[in-house]
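Open the model in a viewer and keep the sequence panel beside it. The stops below are meant to be followed in order.

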Amino acid sequence: MNPNLSFLLVVLVAFAYTLAYDCDTSSAKLVAARFKPHEDLYQKIDDLVKTKHLHAAYIATCVGSLTQATIRFANQSDLTTLQGPFEITSLVGTLSDVGGHHIHITVCDGAGKCQGGHFVGGLIYTTAELVIGVAPDLAFVREYVPPPDSGYEELVVKCATP
Ligand SMILES: *[C@@H]1O[C@H](CO)[C@@H](O)[C@H](O)[C@H]1NC(C)=O
């Protein structure tokens, strides 16, 4: 066959396939785990996402406690390491083995005083119970958005390659 014609056919088939592929998110799945004292919660989440090759996931819930938490407070460039013990009262985030993770945490101390921000690391005190939701048909990737809008790599939601 004429090489130009073959190329055209390949392009047409690929295009038709892209149109036909519906990026349906109704089939979300769940993954659950319990992590133990002295483990780093961020590292365990990262390990889980990479081991299971999750391209688009999110933290459905996480409850537990930390002895320390490393957080970047809002609009700060430096990290702050807080000494606990703390209850994890909120953990939210989008997770991806291709686009990386974006996780925010709130931790509260023995006086009930709470602090929170962008989560990058934390040592588990007694336990961390984690449930992750997975969207098998999506891929979370990130693209740099310059200031003044952002200055960070921001989320772009794509259809996963079937
Ligand atoms: C964020 O921090 C920068 C640098 O310190 C500062 O110039 C800017 O005004 C802050 N933004 C807001 C909304 O406070």
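The tour goes from the whole chain to one helix, then through the strand pairings to the core.

**Whole chain.** Start with everything shown as a cartoon, bearing in mind that this is a predicted model. Two helices and seven strands make up the secondary structure. Traced along the sequence, these elements follow the order α-β-α-β-β-β-β-β-β. Colour by burial next: 21% of the 162 residues are buried. If contacts are drawn between residues at least 6 apart in sequence, 64% of them join residues at least 24 apart.

**Helix H2.** Select residues 41-51, which form H2, and show side chains for its buried residues, Leu41, Ile45 and Val49. Why do they lie on the same side of H2? They span an arc of only 70 degrees around the axis, and this places them on one side of the helix. In general, an α-helix has 3.6 residues a turn, so residues three or four places apart point the same way. Now turn to the other side of H2, where Lys50 and Thr51 are exposed. To see what covers the buried residues, add strands E1 (29-35), E2 (57-72), E3 (80-95) and E5 (114-134), which are included in the cover. Before leaving, step just past the end of H2 to His53, which has a positive phi of about 55 degrees.

**Ala33 in E1.** Select Ala33, which sits in strand E1. Is Ala33 buried or partly exposed? Ala33 counts as partly exposed because it has 14 C-beta neighbours inside 10 Å. Apart from residues within four places in sequence, its contacts are Leu48 and Leu130. A distance label from Ala33 to Glu129 reads 6.2 Å, C-alpha to C-alpha, although 96 residues separate the two in sequence.

**Pairings of E2.** Show the backbone of E2 together with E3 and E5. E2 pairs with E3 in the antiparallel sense over nine bridges, and Gly64 has Ile88 of E3 as its bridge partner. E2 also pairs with E5, again antiparallel, over 13 bridges. For a point of reference in that pairing, pick Ala57, which stands opposite Val134 in E5.

**Two hairpins.** Follow the chain from E3 into E4 (102-108). These two strands are antiparallel and share seven bridges; one place to look is Gly93, opposite Ile103 in E4. Six residues lie between the strands of this hairpin, and Gly100 in the turn has a positive phi of about 85 degrees. Continue from E4 to E5, an antiparallel pair with five bridges. Here Cys108 is the bridge partner of Cys114 in E5. The E4-E5 hairpin has five residues between its strands, with Gly112 in the turn at a positive phi of about 80 degrees.

**Nonpolar core.** For the last stop, select Ala57, Leu66, Ile88, Leu95, Ile105 and Ala128, the residues with the most contacts inside the largest nonpolar core, which has 28 residues. At least two residues of this core come from each of H2, E2, E3, E4, E5 and E6 (138-145). Which strand supplies the largest share? E2 does, with seven residues. Finish by centring on Ile88 and leaving out residues up to four places away in sequence: Ile88 then touches Cys62, Val63, Gly64, Ser65, Leu66, Ile105, Val107 and Ala128. Gly64 in that list is the bridge partner already seen in the E2-E3 pairing.

Technical notes:
Residues are numbered from 1 along each chain as its sequence is written. A residue is buried if 20 or more other C-beta atoms lie within 10 Å of its own, exposed if 12 or fewer, and partly exposed in between; C-beta atoms are placed from the backbone. Helices (H or I, at least four residues) and strands (E, at least two) are DSSP runs, numbered from the N terminus. The arc is that of the directions from the helix axis to the C-beta atoms. Two residues are in contact if their C-beta atoms, placed from the backbone, lie within 7 Å. A nonpolar core is a set of buried Ala, Val, Leu, Ile, Met, Phe, Trp, Tyr and Cys residues joined through C-beta atoms within 7 Å. Two strands pair if DSSP finds at least two bridges between them.
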